[in-house]
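Please open the model in your viewer and keep the selection panel at hand. The tour goes from strands to ligand, one selection at a time.

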Amino acid sequence: MKKFVLSLMGVFVILSVLLSACGTTPTAAPTQPPSGGQPAQPAEPTAPPAQPAAKQQVEVFSWWTGGGEAAGLEAMIKVFKARYPDIEFINAAVAGGAGTNARAVLASRLQAGDPPDSWQGHAGQELIGTYVAGKQILPLNDLYESEGWLKVMPETLIPLISDNGNIYSVPVNIHRANVLWYNPQILKDNNIEVPTSIEAWFAAMDQLKAAGVTPLALGEQWTKMHLLETVLLGTLGVDAYNGLWTGETDWGSPEVKVALENFAKLLTYANTDSASLSWQDASQLVVNGDAAFNVMGDWAEGYFRELGKTPQVDYGWAPTPGTGGVFQFLSDSFVLAANAPHPESAIAWLKVAGSKEGQEAFNPVKGSICARTDCDKALFGEYLQSAMNDWATNQVVGSLTHGVVANDSWKSEIDTALGLFVQGGNVDSFQAALVAACKSSGPCQ
Ligand code: GAL
C-alpha cells in the first residue's frame, strides 16, 4: 500500500512538473495604459510586438483512417471538440490495418524524440513490453482516481495495462478477434449450416469450392496471423492456447502440429490475391457475395455498417469454428507520452477517451463494445449487443496479432516464420521456427 501511495506521489510530481512546464507560457505585455492621471510611458520604439498566446493543441496518433475506423474516431473527436473548443485536435492517423505501418512510423518518431502527445496502443504485452519497458509513456493513476475509472473499467483489464502498481493507458474499447463472418445467402443457396467445428468448416468449404464459390476471403499478411491465432485457439482449446503464451504448451507438440496443418489447409480455400488485399477488401468480398466466409475482428462490423449493409441479411456472424463460448479479445487504449509536447491537452483527450460520452459515441460506430461497463446497451446494434453478452459470459483469452499475449519481438519472429510459410514453406519448418521464436523471445527461454 505504502509503495502504491509512494508511486502515486511520484506520478503526481512528474505530472505537476509537466503541467506547470506547459502552463507557464510567458504572459503578453500589457496593452492597456495604466489607469490614473499620468500618461503611460511611451513604449520603446524597438520593443517587439506582443506575441499571441500559443495555441493549445493535442496530437493524437492512431491507425484509424478509413473503413469504419475513421468514422469511430471522428465521433470521439466531436465529443472532444465540444468539451474543449480551445484545443486544436491534430489527427495524426497513419493508414494500414492493425497498425502495421503506423507502428513503424511511431517507433521512428519515438526514436527521434518526437512523440505525439497520445497514441493508440493495445492493452497487454504491446503496451507493457514496448512502451512501458522503453519508458516512453507516463502512469495515469491520478487520472483514474479523479475520473473514478477504477469503478467502471473491467477489473480483468487493469492488470493488462499496469506495471508495478502504475496504470499506463486508457482503454476505449473491447474488440473480439475470433469472429467468423459469413454471407447468409450463399450458405442458404448451398444448404450449408454455419460450421461450429473446424471439420464441419472444411466440409462446408469443400462443397462451396465444388460449387464454384470462393470459400474463404483473406487479405494481407497480418490478416493471416489473425486467422492463425483463431485456428490455434479453435484446435487447441482455451487451456492449451493460453499455455502457448506462458510456456506451458509445447510449440513443438503434435497438437500444435495439428493446428498448423489446419491452418495450412485453410489457406487452400482462400482467394489467390490475398497478399494485395487490405482487411476491408477481404471482408467486403463476403458482403458483396463474392466469398462465403471471412475471419476478422469485429471492426469489420463497423465497416459493413458504413457500407450500408444489413446484419443477418448481408452478413451473419458466429465464433470461429471450434471457439464457441470463448471470446478472444483485444483492447485499444490511449497513452500519455513521456515528454508530450502538450501534456495538459493530452490529459484532456484521455479524459474524453475514458468518458462514458466518448465511448458511447465511438464504439457503436467503430464496431466494438465499450471498455467501460456502464455504456447504454440500447445505443448498439444487434451484433454488438450479442458481443456484449458474450464478453460478459464467455471464457476470455487474448489476441496475438493485436498485442495482448506476446511482446513485439516475439510477435515479429512469429510473423517472419509465418511469412516464410505462406510463401511456400512446409508445416515442419514453420513449427520449428515457432519453437525457436518461443525460445528466443517468449517464455520458453
Ligand atoms: C486492430 C485494432 C482495431 C482495428 C484493427 C484493424 O489492431 O485494435 O481497432 O483498428 O486493428 O485496423
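In which sense do strand β1 and strand β3 pair, and over how many bridges? Select residues 56-61 and 118-122: strands β1 and β3 pair there in the parallel sense, over 2 bridges, where strands are DSSP runs of E of at least two residues, numbered from the N terminus, and two strands pair if DSSP finds at least two bridges between them. This is a predicted model, in which local features need pLDDT of at least 70 and side-chain atom pairs count only at pLDDT 80 or more, while totals for chains, interfaces and linings use all residues. Residues are numbered from 1 along each chain as its sequence is written, and side-chain values use heavy atoms, with hydrogens and water left out.

Within this pair, phenylalanine 61 stands opposite tryptophan 119 in β3. Widen the selection to the open sheet of 5 strands, whose order is β2-β1-β3-β13-β6 with mixed pairing; its edge strands, β2 (87-91) and β6 (170-171), each pair on one side only.

Next, select the open sheet of 4 strands, which runs in the order β9-β10-β8-β11 and is again of mixed pairing. Its edge strands are β9 (216-217) and β11 (316-319), each pairing on one side only. Inside it, β8 (residues 179-182) and β10 (residues 293-295) pair in the antiparallel sense over 3 bridges, and leucine 180 stands opposite valine 295 in β10.

Now select the ligand and the 13 residues that surround it, counted as near if one of their heavy atoms lies within 4 Å; the closest are Glu69, His122, Asp332, Lys366 and His402. By class, this shell has 6 nonpolar, 4 polar and 3 charged residues.

Finally, display distances from the ligand's oxygen atoms. A polar side-chain atom of histidine 122 lies 2.7 Å from one ligand oxygen, a polar backbone atom of alanine 98 is 2.9 Å from a ligand oxygen, and an N or O atom in the side chain of tryptophan 63 is 3.3 Å from a ligand oxygen; a polar contact is a pair of N or O atoms within 3.5 Å.

Key:
Polar contact = N/O pair within 3.5 Å; in protein donor to acceptor, adjacent residues only side chain to side chain. Nonpolar A, V, L, I, M, F, W, Y, C, P; charged D, E, K, R; others polar.
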